[in-house]
Amino acid sequence: MANGSHSLRVMFMTLVGAALLLIVLALIAVWTGAMPANADAAPGRLETWAAKRSLHATLNRDALGLKSPLSTNDSILTQGVRLYGTYCAVCHGTSDGKASAVARGLYQHAPQFAKDDVTDDPVGVTYWKITHGIRFTGMPAFDSTLTTNERWTIATFLARQDSLTPGALAAWKALPSSVEVKKSE
Ligand code: HEC
């Protein structure tokens with residue numbers, strides 16, 4: 001009996017010791033800069049896994065039930081294209097599918113929607129991402145800079161990007177390329 005409780009106590013102290021050691025090592029990594037703060041370092045596997053897993057769970061909880069208040073017509077889609085050109089194209093590109101210098105410098109790759117669109121995602125999920133942004137990435141939150149209506153308008157355009165009305169398609173093709181700077185070396 002006495003022996004049993006002794007070995008339990010040893011096990012408990014070992015666990016506490018190991019946990020403390022991990023915390024101290026993590027603090028040393030932060031303090032000495034061993035944890036990279038630069039955007040051109042590849043993010044670690046743990047960071048990538050945690051960011052993806054928690055985004056997935058957050059979207060399931062908060063975004064799946066969101067319903068658009070807008071109907072989809074040529075005028076809404078065309079407005080969506082214009083707003084996209086102003087606020088999003090610098091990172092997500094225009095119809096030529098070429099990534100800008102800003103997009104190429106992001107360490108979480110910003111999908112170029114001309115090639116890699118989000119038409120399969122529920123419109124509410126895209127609205128949520130525009131509204132709240134995506135933590136650990138360059139994707140900004142637009143809840144304090146765009147109105148609810150503007151955010152739904154852009155989300156509506158992205159949901160229908162593969163089946164635009166003629167006016168919206170012409171506006172999309174007319175957005176200027178977001179590539180202004182060529183890499184010189
Ligand atoms: C400063 C750069 C930047 C700007 C500006 C930006 N985004 Fe993003 N966006 C990103 C990055 C980086 C990601 C990738 C995040 C990730 O890896 O999860 C992203 C992801 C997304 C996604 C998810 C894509 C997918 O495949 O799941 C959507 C949708 C999106 N952005 C829409 C927009 C819209 C709409 C705008 C404009 C209102 C916008 N973004 C503006 C950088 C940006």
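The exercises below work through the fold, dimensions and ligand shell of a predicted model.

**Exercise 1.** State how many helices and strands the protein has, and give the pattern along the sequence.

Solution. Start with the element count: there are eight helices and zero strands. Then read along the sequence, which gives α-α-α-α-α-α-α-α.

**Exercise 2.** Set the radius of gyration of the protein against that of a compact globule, and describe its domains.

Solution. Step one: a compact globule of 185 residues would have a radius of gyration near 16 Å, whereas the protein has 23 Å. Step two: along the principal axes, the C-alpha atoms fill a box of roughly 80 × 50 × 25 Å. Step three: the domain assignment gives domain 1 (1–37) and domain 2 (45–174). Step four: the centres of domain 1 and domain 2, taken over C-alpha atoms, are separated by 43 Å.

**Exercise 3.** What share of the residues counts as buried, and what share of the contacts with a separation of 6 or more joins residues 24 or more positions apart?

Solution. Burial comes first: 20% of the 185 residues count as buried. For the contacts with a separation of 6 or more, residues 24 or more positions apart account for 72%.

**Exercise 4.** Which residues come nearest to the ligand, and which elements give two or more residues to its shell?

Solution. Of the 21 residues around the ligand, Cys88, Cys91, Ala110, Thr137 and Met139 come nearest. Two or more residues of the shell come from each of helix H4 (89–92), helix H6 (123–132) and helix H7 (148–159). By residue class, the shell divides into 15 nonpolar, five polar and one charged.

Methods:
Residues numbered from 1 in each chain as written. Predicted model: local features only at pLDDT ≥ 70, side-chain atom pairs only at ≥ 80, totals over all residues. Near = placed C-beta within 6 Å. Helix = DSSP H or I, 4+ residues; strand = E, 2+ residues; numbered from the N terminus. Nonpolar A, V, L, I, M, F, W, Y, C, P; charged D, E, K, R; others polar. Domains from an automatic or database assignment. Rg over C-alpha atoms; globule rule 2.2 N^0.38 Å. Buried ≥ 20, exposed ≤ 12 C-beta atoms within 10 Å, placed from the backbone. Contact = placed C-beta atoms within 7 Å.
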